[in-house]
Amino acid sequence: HTGPVILGTIGSSDRMDSTVLGLTVNLAKRLEEVTRPLGVDMIISDQVANRLPTGHTYRFRKLGEVSVRGCSEPVAVAEVYNHDPPELRNLKERIEPIMSEGISLFKTGRLDAALSKFQEAQSIFPQDLPLHLLMISLRQTLEQGEKVKGTALLDFR
């Protein structure tokens, strides 16, 4: 994540430590924690993704919004997958536009259409854990009959 932080040194004359504090640091830590349940190497906020310079070589795919502990609003995130093996990168690139469309449909409240898009992506890459988790969450939302618009599909609170 990116944003303002407080950098300082704390302690006594016997032991001093430098530290970084602030909401930006806390959110960056929460996003790092999300990598484990998603089974991915790196997650960045959309705020970081949108600040990348034109012509960058990073490969990333947007995973929608997630709710994380300590944050009152959902955060849009993307997976960075440059270091994946070529065959895995290829699969992620193939399903990325389909997933993006599904996420957009979810945001507008068209849940059945979003699920259909996620199922289409799953037929191409059935082992994709983030996609699988998105589908589980969406199915639970549909089963509960909730009408959502613009909320997070993934909740890691």
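Start with the contacts across the whole chain: of those with a sequence separation of 6 or more, 54% are between residues 24 or more positions apart. Keep in mind as you click around that this is a predicted model.

**The whole chain**

Show everything as a cartoon and colour by secondary structure. You should find five helices and six strands, and walking from the N terminus the order reads β-β-α-β-α-β-β-α-α-α-β. Orient the view along the principal axes, and the C-alpha atoms fill a box of roughly 60 × 40 × 25 Å. Switch on a surface if you like: the accessible area comes to about 9300 Å², with 51% of that belonging to carbon and sulfur atoms. Of the 157 residues in the chain, 35% are buried.

**Stop 1: the N-terminal hairpin**

Select residues 6-11, which is strand 1, and then 16-21, which is strand 2. The two strands form a hairpin, with four residues between them. They run antiparallel and are joined by six bridges. For a landmark, pick glycine 8 and look straight across: threonine 19 in strand 2 stands opposite.

Stay here and show the side chains of Val5, Leu7 and Val20. Together they make a nonpolar surface patch of about 270 Å². Valine 5 sits in the segment before strand 1, and its relative accessible area of 43% makes it partly exposed.

**Stop 2: helix 1 and its charges**

Next, select 23-38, helix 1. Put sticks on Lys29, Arg30, Glu32, Glu33 and Arg36, and you have a network of salt bridges. Zoom in on one of its pairs: the side chains of glutamate 32 and arginine 36 meet at 3.0 Å, N to O. Both residues lie in helix 1, four residues apart, or about one turn of the helix. How accessible is each partner? Glutamate 32 is partly exposed at 35% relative accessibility, while arginine 36 is exposed at 52%.

**Stop 3: a buried salt bridge**

The structure holds 14 salt bridges, so there is another to visit. Select glutamate 79 and arginine 61: their closest N and O atoms are 2.7 Å apart. Glutamate 79 belongs to strand 5 and arginine 61 to strand 4, so this pair ties together parts that are 18 residues apart in sequence. Buried or exposed, would you say, for glutamate 79? Glutamate 79 is buried, with a relative accessible area of 1%, and arginine 61 is buried too, at 0%. As a general point, side chains of opposite charge can pair when their charged atoms come close.

**Stop 4: the main nonpolar core**

Now hide the charges and show nonpolar side chains. The largest nonpolar core has 29 residues, and those with the most contacts inside it are Leu38, Ile43, Val77, Met99, Phe118, Leu131 and Leu138. Which elements each supply at least two residues of this core? They are helix 1, strand 4 (60-68), strand 5 (75-80), helix 3 (86-107), helix 4 (111-124) and helix 5 (129-143). Helix 3 gives the largest share, six residues. In soluble globular proteins, nonpolar side chains tend to be buried together.

For a close-up, centre on leucine 131. Leaving out residues up to four places away in sequence, leucine 131 touches Ile95, Met99, Phe118, Ala121, Gln122 and Phe125.

**Stop 5: along helix 4**

Finish on helix 4. Select alanine 113, which is in this helix and is partly exposed, with a relative accessible area of 24%. Draw a C-alpha to C-alpha distance from alanine 113 to isoleucine 103: the two are 9.9 Å apart in space and 10 residues apart in sequence.

Further along, select lysine 117 and glutamate 120. They form a salt bridge, with the closest N and O atoms 3.3 Å apart. The two are three residues apart in helix 4, so about one helical turn separates them. Glutamate 120 counts as partly exposed, at 35% relative accessibility.

Note on methods:
Residues are numbered from 1 along each chain as its sequence is written. This is a predicted model: local features need pLDDT of at least 70, side-chain atom pairs count only at pLDDT 80 or more; totals for chains, interfaces and linings use all residues. Side-chain values use heavy atoms; hydrogens and water are left out. Patches are made of residues with over 30% relative accessible area and no salt bridge: like charges are joined within 9 Å, nonpolar side chains (Val, Leu, Ile, Met, Phe, Trp, Tyr) within 5 Å. Accessible areas come from the Shrake-Rupley method with a 1.4 Å probe; for residues, only the protein chains shown count as cover. A salt bridge is a side-chain nitrogen of Lys or Arg within 4 Å of a carboxyl oxygen of Asp or Glu. Buried means under 20% relative accessible area, exposed over 50%, partly exposed in between (1.4 Å probe, protein chains only). A nonpolar core is a set of buried Ala, Val, Leu, Ile, Met, Phe, Trp, Tyr and Cys residues joined through side-chain atoms within 4.5 Å. Contact means heavy atoms within 4.5 Å. Two strands pair if DSSP finds at least two bridges between them.
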